[in-house]
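Colleague: Could you take me through this one at the bench level? I'd like to hear how each label gets decided.

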Amino acid sequence: MKDDAGTLLTLAGYFAVMSLFAIGGANSAVPEMQRVAVEVERWMTARQFSDIFAIAQVTPGPNVIIVTLIGYHVAGFAGALVATLAMCGPTSLLAFYVGGMWERFKDAPWRGALQAGLLPISIGLIAASAIVVASATAHNFVAVATTLATAVVTYTTRLNPLWIFAAAALLGLGGLL
Amino acid sequence: MTPEEFNDAYALCQFLPGPNVVNLSVVFGRRIRGAIGSVVALLGLMGPPFVIVTLIGLIYAQFGEIAALQRMLMGVAAAAVGLVLGTCAKMARPLFKDRLGLAPLLALATLVSVGVLRWPLYWALAGLIPLSIAIAWVRR
């Protein structure tokens, strides 16, 4: 764990820029977070990243909380704070100003094109985040089956995912994956 | 806020970059009480999870390598991937109403470039976003 100013600046720079490209939400930036944290900066292993991803999904609250965990892992409490502010700050300002003029463009034709054009991109990015984390988790048959079963249950039912997480944790504890 | 206003703000925050719920809290806070409203909504949304997750980060740093915890996290991570896949599949349903099949193709191109080829996000999006919006504009 490092907490020098250089590391904090690096964290802030990565997340501030990344947030502006997170089309469709925080999960859309997960492939880029993994690329930076595991491959470029080597802050953590792919397994540690998938742990952090799992913790962020289980914790109540917005998914963006994954950056808090990455920041904490890299530079302790200061890192957690810097990463969270960098990920939320620029886009909050954007939302604040755009939110003020949004209604004026209610019927503008470009608004529909923008929304329709960004939807496939955001879906592709979210699917990519699943694939990227799966490359660290899908290491045996039971793990793949757990992933697929959770996907099917999520798609077809409204079951609270915490039940699935509890069952998956027990499977893991039993040494099955 | 009326239901229409809320839906409108929600639509805005779906296409603004960054964490959707965070953006929504800012827009919502602004409607209620201006800039102060936004700050308070943001703090209310992020404060408690920030504290909880920092504590979890502390625990993980201490005990993350314990075998039993490691095995449990493996299970939860596998399920978390499934949760994201299932949610993504739900969101993708409207894409398949596209009769030319261009929308699913654009989603697939994004998935492959960012998720499989592991291109930096910016390179991939610099090409894909203008292309996708141009296609939507032409077909509007």
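What follows is a chat about how the labels on this predicted model come about.

Colleague: Let's begin with chain B. What is it built from?

Modeller: Chain B has five helices and zero strands, so from the N terminus on you read α-α-α-α-α.

Colleague: What makes chain B more spread out than a compact globule?

Modeller: Its radius of gyration is 20 Å, while the globule rule gives 14 Å for 140 residues; 20 Å is well over that, so chain B is called more spread out than a compact globule. Along its principal axes, the C-alpha trace of chain B spans about 55 × 45 × 25 Å. The domain assignment cuts chain B into domain 1 (1-63), domain 2 (66-94) and domain 3 (98-140). The centres of domain 1 and domain 2 of chain B, over C-alpha atoms, are 23 Å apart.

Colleague: How many of the contacts in chain B join residues at least 24 apart?

Modeller: Taking contacts between residues at least 6 apart in sequence, 12% do in chain B. For chain A the corresponding figure is 60%. As for burial, 41% of the 140 residues of chain B count as buried, and for the 177 residues of chain A it is 54%.

Colleague: And the make-up of chain A?

Modeller: Chain A comes to seven helices and zero strands. Its domain assignment gives domain 1 (5-136) and domain 2 (138-177), with C-alpha centres 24 Å apart.

Colleague: Why is α3(A) called oblique to α5(A)?

Modeller: Helix α3 (residues 46-58) of chain A and helix α5 (residues 109-137) of chain A pack at an angle of about 120°. Roughly perpendicular stops at 115 degrees and roughly antiparallel needs over 145, so an angle of about 120° falls into the oblique class. The axes of the two helices are 9 Å apart, and α3(A) passes α5(A) in a left-handed crossing. From α3(A), the contact uses Ala46(A), Arg47(A), Phe49(A), Ser50(A) and Phe53(A), and from α5(A) it uses Val133(A), Ala136(A) and Thr137(A).

Colleague: Now Ala143(A). Is it buried or exposed, and how do you know?

Modeller: Ala143(A) has 23 C-beta neighbours inside 10 Å. The cut-off for buried is 20 or more, so Ala143(A) counts as buried.

Colleague: Where does Ala143(A) sit, and what does it touch?

Modeller: Ala143(A) is in helix α6 (residues 141-156) of chain A. Leaving out residues up to four places away in sequence, Ala143(A) touches Thr137(A), Ala138(A), Leu177(A) and, over in the other chain, Ala78(B).

Colleague: What does α6(A) do with chain B?

Modeller: α6(A) packs with helix α3 (residues 67-92) of chain B at about 35°, axes 7 Å apart. Their crossing is right-handed. On the α6(A) side the residues include Ala143(A), Thr147(A), Ala151(A) and Tyr155(A), and they meet residues of α3(B), among them Ala78(B), Gly82(B), Leu85(B) and Lys90(B).

Colleague: How many residues are in contact between the two chains?

Modeller: 86 residues of chain A are in contact with 77 residues of chain B. The elements of chain A that give two or more residues to that side are α1 (5-20), α2 (30-40), α3, α4 (66-101), α5, α6 and α7 (161-173). α5(A) gives the most, with 24 residues.

Colleague: What makes Arg42(A) stand out in its phi?

Modeller: Most residues other than glycine have a negative phi. Arg42(A) has a phi near 50°, a positive value. Arg118(B) also has a positive one, near 60°.

Colleague: Why is Arg42(A) called exposed, and Arg118(B) partly exposed?

Modeller: Arg42(A), in the loop between α2 and α3 of chain A, has 9 C-beta neighbours inside 10 Å. Exposed means 12 or fewer, so Arg42(A) is exposed. Arg118(B) lies in the loop between α4 (102-116) and α5 (121-138) of chain B, and its count is 16. That value falls between the exposed limit of 12 and the buried limit of 20, so Arg118(B) is partly exposed.

Conventions
Residues are numbered from 1 along each chain as its sequence is written. Chains are lettered from A and ligands numbered from 1 in the order in which they are written. This is a predicted model: local features need pLDDT of at least 70, side-chain atom pairs count only at pLDDT 80 or more; totals for chains, interfaces and linings use all residues. Domain bounds come from an automatic or database domain assignment. Helices (H or I, at least four residues) and strands (E, at least two) are DSSP runs, numbered from the N terminus. The radius of gyration is taken over C-alpha atoms; the globule rule is 2.2 Å times the number of residues to the power 0.38. Two residues are in contact if their C-beta atoms, placed from the backbone, lie within 7 Å. Axes are lines fitted to C-alpha atoms, for helices over the stretch in contact, and angles run from 0 to 180 degrees between N-to-C directions. A crossing is left-handed if the near helix is turned anticlockwise from the far one by less than a right angle, and right-handed if clockwise.
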